Amino acid sequence: MSPHDTAGTDIAIALAVVKTLVFVVGSVITYFAFKAYRRTRQRALGYLATGFGLVTVGLGLAGLSYELLEVHLVVGILLESVLVLVGFLVIAYSLYVQ
């Protein structure tokens with residue numbers, strides 16, 4: 001057995017752990033931003049919550065679509081990148097809106 005065989009499994013496990021943590025932290029940030037929006041009704045906070053939600057969903061989408069929906073990994077990564085881009089654009093807009 002080559003040490004490279006177990007390295008792939010270790011990396012896959014590490015990637016799953018990191019992606020899960022990113023999803024949890026992103027969800028918490030999205031929740032707090034949405035909670036602040038509901039309390040203040042400021043449009044900028046609503047956009048901020050939406051942007052963080054899109055980024056959070058986007059970051060987990062490539063792996064989930066590949067594993068669960070059997071979508072090609074490249075298509076999943078493209079979809080992930082588009083959602084992250086749109087999320088960042090919404091976040092940038094939330095910083096611009098008053």
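These exercises work through a predicted model of one protein chain.

**Exercise 1. Confidence**

Find the mean pLDDT of the protein chain, and say which element has the lowest mean and which the highest.

*Solution.* Start with the chain. Its mean pLDDT is 90, and 94% of its residues reach 70 or more. Next, go through the elements. Helix α1, residues 3-40, has the lowest mean pLDDT, at 89. Helix α3 has the highest, at 94. Keep one caution in mind. Where pLDDT is low, the predicted coordinates should not be read in detail.

**Exercise 2. The span of helix α3**

What span should helix α3 have at 1.5 Å a residue, and how far apart are its end C-alpha atoms?

*Solution.* Step one: count the residues. Helix α3 runs over residues 73-96, which gives 24 residues. Step two: find the expected span. The rise of 1.5 Å is multiplied by one less than the number of residues. The result for α3 is 34 Å. Step three: compare. The end C-alpha atoms are 35 Å apart, which agrees with the expected span.

**Exercise 3. The buried residues of α3**

Which residues of α3 are buried?

*Solution.* Use the cut-off: buried means under 20% relative accessible area. The residues that pass are Gly-76, Glu-80, Leu-83, Val-84, Gly-87, Val-90, Ile-91 and Ser-94. Now look at their spacing with the helix turn in mind. An α-helix has 3.6 residues a turn, so residues three or four places apart point the same way.

Take Ser-94 as a case. Ser-94 has 5% relative accessibility, so it counts as buried. Beyond its sequence neighbours up to four places away, Ser-94 touches Ala-44, Tyr-47 and Leu-48. The C-alpha atoms of Ser-94 and Ala-49 are 9.0 Å apart, although 45 residues separate the two along the chain.

**Exercise 4. The salt bridge**

How many salt bridges does a search of the whole structure find? Which side chains meet?

*Solution.* The search finds one salt bridge. The partners are Lys-19 and Glu-80, with 3.0 Å from N to O. Place them on the chain: Lys-19 is in helix α1 and Glu-80 in helix α3, 61 residues apart, so the pair links distant parts of the chain. Why can such a pair form? Side chains of opposite charge can pair when their charged atoms come close. Finally, check exposure. Lys-19 is partly exposed, at 30% relative accessible area. Glu-80 is buried, at 11%.

**Exercise 5. Positive phi**

Where do Arg-41 and Glu-70 lie, and are they buried or exposed?

*Solution.* Take Arg-41 first. Its phi is near 60 degrees, a positive value in a residue other than glycine. Arg-41 is in the loop between α1 and α2. Its relative accessible area is 54%, so Arg-41 is exposed. Then take Glu-70. Its phi is positive too, at about 55 degrees, and Glu-70 is not a glycine. Glu-70 lies in the loop between α2 and α3. At 71% relative accessible area, Glu-70 is exposed.

**Exercise 6. A surface patch and a contact**

Which residues form a nonpolar patch on the surface, and which residues does Leu-61 contact?

*Solution.* The patch consists of Phe-23, Val-24, Val-28, Tyr-31 and Phe-32. Together they have about 490 Å² of accessible area. One member, Val-28, is in helix α1. Val-28 is partly exposed, at 39% relative accessible area.

Now turn to Leu-61, in helix α2. Set aside its neighbours within four places in sequence. Leu-61 is then in contact with Leu-79 and Leu-83. Compare Tyr-47: it is 14 residues from Leu-61 in sequence and 21 Å away in space, C-alpha to C-alpha.

Technical notes. Residues are numbered from 1 along each chain as its sequence is written. This is a predicted model: local features need pLDDT of at least 70, side-chain atom pairs count only at pLDDT 80 or more; totals for chains, interfaces and linings use all residues. Side-chain values use heavy atoms; hydrogens and water are left out. Helices (H or I, at least four residues) and strands (E, at least two) are DSSP runs, numbered from the N terminus. Buried means under 20% relative accessible area, exposed over 50%, partly exposed in between (1.4 Å probe, protein chains only). pLDDT is the predictor's confidence in each residue, from 0 to 100. A salt bridge is a side-chain nitrogen of Lys or Arg within 4 Å of a carboxyl oxygen of Asp or Glu. Patches are made of residues with over 30% relative accessible area and no salt bridge: like charges are joined within 9 Å, nonpolar side chains (Val, Leu, Ile, Met, Phe, Trp, Tyr) within 5 Å. Accessible areas come from the Shrake-Rupley method with a 1.4 Å probe; for residues, only the protein chains shown count as cover. Contact means heavy atoms within 4.5 Å.
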